[in-house]
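Trainee: I'm new to this one. Could you walk me through the terms people use for it?

Mentor: Sure, let's have a look together.

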Amino acid sequence: MGIRKVFVGNLGNAISDETLRRRFEDFGEILEVLTVKDKQTGFKGYGFITFRNAKAAEDAVNALQFTNINGRQLTVQLAKSENEKEKFRGRARSRSPYRGGARHRSRSRSPH
């Protein structure tokens with residue numbers, strides 16, 4: 001079974017779940033539309049559409065990637081599974097042995 005959830009980024013703060021649903025419903029049955037909100041700052045600028053089947057999700061990504069909605073160019077891609085996110089997090093942490101900020105040498109100035 002493929003990925004059925006689609007990530008939609010670069011959404012304006014005036015977008016509604018209903019507007020997103022209308023934009024994506026031509027590709028297949030939608031089970032859920034979720035725009036992500038923050039309690040303190042409000043809308044975070046992205047959301048998720050969950051389709052009944054993976055083919056609908058793939059079709060939506062292929063058709064709507066880089067299209068515009070309310071004057072903003074969308075980022076549309078298949079959502080990453082929790083396993084994929086964990087692999088990336090682990091890989092990102094283990095790649096760099098560098099831990100910490102830049103070191104600055106203090107220069108002592110000799111009085112002239």
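**Reading the sheet and one threonine**

Mentor: Let's start with a pairing: glycine 9 has threonine 75 in strand 6 as its bridge partner. Keep in mind that this is a predicted model.

Trainee: What makes strand 1 and strand 6 a pair?

Mentor: Two strands pair if there are at least two bridges between them. Strand 1 (residues 5-9) and strand 6 have four bridges, in the antiparallel sense, so they qualify as a pair.

Trainee: And how do you know that strand 2 and strand 3 pair?

Mentor: Use that cut-off of at least two bridges again. Seven bridges join strand 2 to strand 3 (residues 42-51), so they count as paired, and they run antiparallel. One of the partnerships is leucine 34 with phenylalanine 48 in strand 3. Strand 2 and strand 3 also form a hairpin, with three residues between them.

Trainee: What is the order of the strands in the sheet?

Mentor: The order is 2-3-1-6, in an open sheet of four strands with antiparallel pairing.

Trainee: Why are strand 2 and strand 6 called edge strands?

Mentor: Look at their partners: strand 2 and strand 6 (75-78) each pair on one side only. From one strand to the next, the twist averages 20°.

Trainee: Which strands does helix 1 lie across?

Mentor: Helix 1 (residues 17-24) lies across strand 1, strand 2, strand 3 and strand 6, and runs at about 140° to strand 2. Helix 2 (residues 54-64) packs on the sheet too, touching strand 1, strand 3 and strand 6, with its direction at about 150° to that of strand 6.

Trainee: Now, threonine 35 in strand 2. Why is threonine 35 called buried?

Mentor: Buried means under 20% relative accessible area. Threonine 35 comes in at 5% relative accessibility, so it counts as buried. Threonine 35 touches residues further off in sequence, among them Ile15, Phe43 and Tyr46.

Trainee: What makes the link between threonine 35 and aspartate 17 a polar contact?

Mentor: The cut-off is a pair of N or O atoms within 3.5 Å. The side chains of threonine 35 and aspartate 17 are joined at 2.7 Å, so the distance fits. The side chain of threonine 35 has another polar contact, with the side chain of lysine 37 at 2.6 Å.

Trainee: How confident is the predictor in the protein chain?

Mentor: The protein chain averages a pLDDT of 81, and 71% of the residues score at least 70. Over residues 94-108, though, the pLDDT is below 50, and that stretch has one contact in the model beyond near neighbours in sequence.

Conventions:
Residues numbered from 1 in each chain as written. Predicted model: local features only at pLDDT ≥ 70, side-chain atom pairs only at ≥ 80, totals over all residues. Heavy atoms only, no water. Helix = DSSP H or I, 4+ residues; strand = E, 2+ residues; numbered from the N terminus. Buried < 20%, exposed > 50% of the residue type's maximum accessible area, 1.4 Å probe, protein only. Polar contact = N/O pair within 3.5 Å; in protein donor to acceptor, adjacent residues only side chain to side chain. Contact = heavy atoms within 4.5 Å. pLDDT = per-residue confidence, 0-100. Axes fitted to C-alpha atoms, helices over the stretch in contact; angles between N-to-C directions. Lists of a residue's contacts leave out its neighbours within four places in sequence.
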